[in-house]
Amino acid sequence: MPVPVEALRELQRVGRLLWEAGLVSSHGGNLSLRLPEGGVVITCHGAMLGRLDEDTVVALGQEEGREPSSDTDVHRAIYEAAGAGAVVHAHPRHAIALSLLADNDLEPLDLEGRHYLGKRVPVVDGREHVAEALRDFPIALVRGHGSYARGRDLWEALLYTSVLEESAHVLYLVRTGR
Ligand SMILES: [Zn+2]
């Protein structure tokens, strides 16, 4: 089954913005979206988020030779645990750097970060702990790897991802005094 056109368009738009904002490397990160008619569409293993097309996204259960993201199990677990409409996994660089220095969370200091993310963003060791963390939080970091955000749709998950990186950058500047 081909991925519905509107779902493909949403994945392309959000993937492009993640790439342009520097929130993923050329072949890094992955996205998934729950379809209104049921089922989940996810980016393929090794897909470039900045230039997704019908060959690099796939409906789960109807792969037809295409290989879904190696993070597919993480996405499935998030949908089961948190009941999201979409999931965004990115590699925001300041957030990753701080995750290597943090204990169990990052604490946003800026107003925007506090507003959207609250007082803490959990940092977990290993992807297998992400779904549990996202029961109570919209976004979590895997230490030394990247962020996983859930949202009603891809746009909300993008929002949390970009706000996290902005907050982490501010936190980094404050800590280093530069
Ligand atoms: Zn990753």
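The protein chain in this predicted model has 6 helices and 8 strands. Walk along the sequence and the elements come in the order α-β-β-β-α-β-α-β-α-β-α-β-β-α. The radius of gyration is 15 Å, close to the 16 Å that the globule rule gives for 178 residues, so the chain is as compact as a globular protein of that length. If you want a box for the C-alpha atoms, roughly 50 × 30 × 25 Å along the principal axes will do. Of the 178 residues, 42% count as buried. Contacts reach a long way along the chain, too: take those between residues at least 6 apart in sequence, and 60% of them join residues at least 24 apart.

Now for the sheet. The 8 strands make an open sheet with mixed pairing, and the order across it is β3-β2-β1-β4-β8-β7-β6-β5. Its edge strands are β3 and β5, each of which pairs on one side only.

Let's start at the β3 end. Strand β3, residues 57-59, pairs with β2 in the antiparallel sense over 3 bridges, and here Val 57 of β3 sits opposite Thr 43. Strand β1, residues 30-34, also pairs with β2 in the antiparallel sense, again over 3 bridges. In that pairing Ser 32 stands opposite Ile 42 of β2. β1 and β2 form a hairpin with 5 residues between them, and Gly 38 in the turn has a positive phi of about 105 degrees.

β2 itself, residues 40-43, deserves a second look. In a regular strand the side chains alternate between the two faces of the sheet. Which residues of β2 lie on each side? Val 40 and Ile 42 are on one side, Val 41 and Thr 43 are on the other, and all four are buried, leaving both faces of the strand covered. One of the elements to look for around here is helix α2, residues 72-82, which lies across β1, β2, β4 and β8 and runs at about 40 degrees to β8.

Next, the other end of the sheet. The edge strand β5 is joined to β6, residues 121-124, by 2 bridges, and the two run antiparallel. Leu 106 stands opposite Val 121 of β6, while Asp 105 has Pro 122 as its bridge partner. On the way inward, β6 is joined to β7, residues 139-142, by 2 bridges as well, but these two strands run parallel. There, Val 123 has Leu 141 of β7 as its bridge partner.

What holds the middle of the picture is a nonpolar core. The largest one has 50 residues, of which Leu 11, Val 41, Val 88, Val 130, Ala 140, Tyr 148 and Leu 154 touch the most other members. The largest share of this core, 8 residues, comes from α6. Val 130 makes a handy place to zoom in: leaving aside residues up to four places away in sequence, it touches Val 74, Ile 78, Val 124, Ala 140, Val 142 and Tyr 148.

Helix α6 is worth a quick sanity check of its geometry. Its 23 residues, 154-176, should span 33 Å at 1.5 Å a residue, and the end C-alpha atoms are indeed 33 Å apart, which agrees. Buried residues in α6 include Leu 154, Ala 157, Leu 158, Thr 161, Leu 164, Glu 165, Ala 168 and Leu 171. An α-helix has 3.6 residues a turn, so residues three or four places apart point the same way. Right after α6 comes Gly 177, with a positive phi near 70 degrees.

Finally, two glutamates in loops. Where does Glu 64 lie? It lies in the loop between β3 and α2. Most residues other than glycine have a negative phi. Glu 64, although not a glycine, has a positive phi of about 50 degrees. Is Glu 64 buried or exposed? It is exposed, because just 8 other C-beta atoms lie within 10 Å. Glu 128 has its place in the loop between β6 and α5. With 12 C-beta neighbours inside 10 Å, Glu 128 counts as exposed too, because the cut-off is 12 or fewer. Glu 128 and Ser 70 are 58 residues apart in sequence, with their C-alpha atoms 13 Å apart in space.

Methods
Residues numbered from 1 in each chain as written. Predicted model: local features only at pLDDT ≥ 70, side-chain atom pairs only at ≥ 80, totals over all residues. Expected span 1.5 Å × (residues − 1). Buried ≥ 20, exposed ≤ 12 C-beta atoms within 10 Å, placed from the backbone. Rg over C-alpha atoms; globule rule 2.2 N^0.38 Å. Contact = placed C-beta atoms within 7 Å. Pairing = 2+ DSSP bridges. Core = buried A, V, L, I, M, F, W, Y, C linked by C-beta atoms within 7 Å. Axes fitted to C-alpha atoms, helices over the stretch in contact; angles between N-to-C directions.
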